[in-house]
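The exercises below are meant to be worked through with the sequence and the 3D view side by side. Try each task before reading its solution.

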Amino acid sequence: MRAFTYTALPTRVVFGAGALDKLGEEIERLGARRALVLSTREQRSAGEDVARRLGSRAVGVYDKAVMHTPIESAEDARRLAAELKADCCVAIGGGSTTGLGKAIALTSSLPIVAIPTTFAGSEMTPIQGITADGIKKTVRDMRLLPKTVIYDPTLLLTLPARIAGPSGMNAIAHSVEALYAQEANPVTSLMAEESIRALGRSLPQVVRAPDDLEARGEALYGAWLAGICLGTVGMALHHKLCHTLGGSFNLPHAETHTIVLPHATRYNRDAAPEAMQRIARALGSSDAATGLYDLARSIGAPLALKDIGMSADGLDRAAEIATMNPYWNPRPIERSGIRALLQDAWEGRRPA
Ligand code: NAD
């Protein structure tokens, strides 16, 4: 029997089609009176809808959330929250918007109500990546954990297939690494396997039929479980590589995860046989790494770093940064192995 430690994270979750209607009640429960609503520019109208629902309890909509939370953007949002005397942040959007809420919470302790509209999973974690001077650094602090998360699958009906597919693969990446994490335990492993099963089953339908609410609901359920895994146990090589590629090369987050995941899984194959078995079983495949690659291909997601803006001459530097302060990983991090992994991901090869 394997000994383990498990700490549950205290976020209240309200899940269901139409769950956004409970926003007023949830804000009331927190005792908030001056909510600052956060969104991206593209989702400004979703932010305005939230503000309308909150009426006099909203003090403004800030629509400048961007990917990888650059420090300048974090500071701008913090300044506005202080100026408006906000007592809560309501973040409607994907991981970028939740991340902006976390940037505010880190220095002000304001409670966050997160309304996720992608499968990124940031809403279930006390973690944030902030990018300064070209390097993305991760902070872990309980003030970052949203107090309440409202999961309403109807909000994902507008998520285009080209964003939805990679976003779902990003969620699967959390679960894959949770299965071989140093702190892996029976509870997160159950959630991780179930989340890969739910996402693996639903994603093809999510991209094929954008108006299939059931499929989007099932994928969101999988993403929720994956987010819990991400927040509960430490991540390994795959997440380190993606942070490097995102923070230092400004590659798009979910697409980078999609491309790197089969190769990072292949790298760890022999060091984590039980995890590999569970991933393969959840995907109904004979092999974890190829199962992930084939899923990504079947949903039309990008498969090669060269297709998402990575230049070949950046690969050496990426290998260097990623191996500088490596996260714990089941297989020791060897620079030559990581360089070869990056080459395969750059070319988009199916893992052997
Ligand atoms: P995103 O939040 O940047 O969203 C991508 C684009 O999709 C944006 O333009 C957004 O406005 C749009 N969009 C989102 N939902 C939509 C919807 N339902 N309909 C139409 N358009 C929609 O992308 P993401 O992949 O969700 O998040 C990436 C960011 O989140 C990265 O910065 C990453 O580091 C961070 N992240 C953090 C954690 C964590 O635990 N800290 C976890 C996962 C991701």
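A residue is called buried when its relative accessible area is under 20%, exposed when that area is over 50%, and partly exposed in between. The structure used throughout is a predicted model.

**Exercise 1. Find the two residues that meet in a salt bridge with Asp63 as one partner, and decide how each is covered.**

Solution. Begin with the pair itself: the side chains of Asp63 and Arg44 meet in a salt bridge, with 3.4 Å from N to O. Next, place both partners along the chain, where Asp63 lies in the loop between strand E3 (58-62) and helix H3 (71-83), while Arg44 belongs to helix H2 (residues 44-54), 19 residues apart. Then apply the cut-offs: Arg44 has 29% relative accessibility and therefore counts as partly exposed, whereas Asp63, at 13%, counts as buried.

**Exercise 2. In the loop between E3 and H3, examine His68 and Thr69, and state what their phi angles and accessibilities are.**

Solution. Take the backbone first: the phi of His68 is near 70 degrees, a positive value in a residue other than glycine, and Thr69, which is not a glycine either, has a positive phi of about 35 degrees. Turning to accessibility, His68 is buried, with a relative accessible area of 8%, and Thr69 counts as buried at 5% relative accessibility.

**Exercise 3. Describe the largest nonpolar core and explain where it lies relative to the domains.**

Solution. Start from the division of the chain into domain 1 (12-156) and domain 2 (161-347), whose centres, taken over C-alpha atoms, are separated by 25 Å. The contact between these domains takes 24 residues from domain 1 and 29 residues from domain 2.

Now look at the core, which has 53 residues, those with the most contacts inside it being Phe119, Ile172, Val176, Leu203 and Ile279. Among the elements that each supply at least two residues of this core are strand E5 (112-116), strand E8 (148-151) and helix H5 (161-179). Helix H7 gives the most to this core, with nine residues. The last step is the location: both domain 1 and domain 2 give residues to this core, so the core lies between them.

To see one of these residues in its surroundings, consider Ile172, which touches Ile196, Leu199, Gly200, Leu203, Leu261, Leu292 and Leu295, when residues up to four places away in sequence are not counted. A second, separate core has 21 residues, including Val260, Ala264, Ala319 and Leu342.

**Exercise 4. How many salt bridges does a search of the whole structure find, and which residues are linked in a network of them?**

Solution. The search of the whole structure finds 24 salt bridges. The network links Glu193, Glu194, Arg197, Glu274, Arg278 and Arg281. For a further pair, go to Arg349 and Glu347, whose side chains meet in a salt bridge with 2.5 Å from N to O; Arg349 is partly exposed, with a relative accessible area of 41%, and Glu347 is partly exposed, with 29%. Another pair is formed by Asp141 and Arg143, whose closest N and O atoms are 2.9 Å apart, and here Arg143 counts as partly exposed at 35% relative accessibility.

**Exercise 5. Which residues make a nonpolar surface patch of about 250 Å²?**

Solution. The patch is made by Phe4, Tyr6 and Val187. Of these, Phe4 can be placed in the segment before strand E1 (12-15), and its relative accessible area of 45% makes Phe4 partly exposed.

Terms used: Residues numbered from 1 in each chain as written. Predicted model: local features only at pLDDT ≥ 70, side-chain atom pairs only at ≥ 80, totals over all residues. Heavy atoms only, no water. Patch = residues over 30% accessible without salt bridge, like charges linked within 9 Å, V, L, I, M, F, W, Y side chains within 5 Å. Areas by Shrake-Rupley, 256 points an atom, 1.4 Å probe, with all protein chains shown as cover. Salt bridge = Lys/Arg side-chain N within 4 Å of Asp/Glu carboxyl O. Helix = DSSP H or I, 4+ residues; strand = E, 2+ residues; numbered from the N terminus. Buried < 20%, exposed > 50% of the residue type's maximum accessible area, 1.4 Å probe, protein only. Core = buried A, V, L, I, M, F, W, Y, C linked by side-chain atoms within 4.5 Å. Domains from an automatic or database assignment. Contact = heavy atoms within 4.5 Å.
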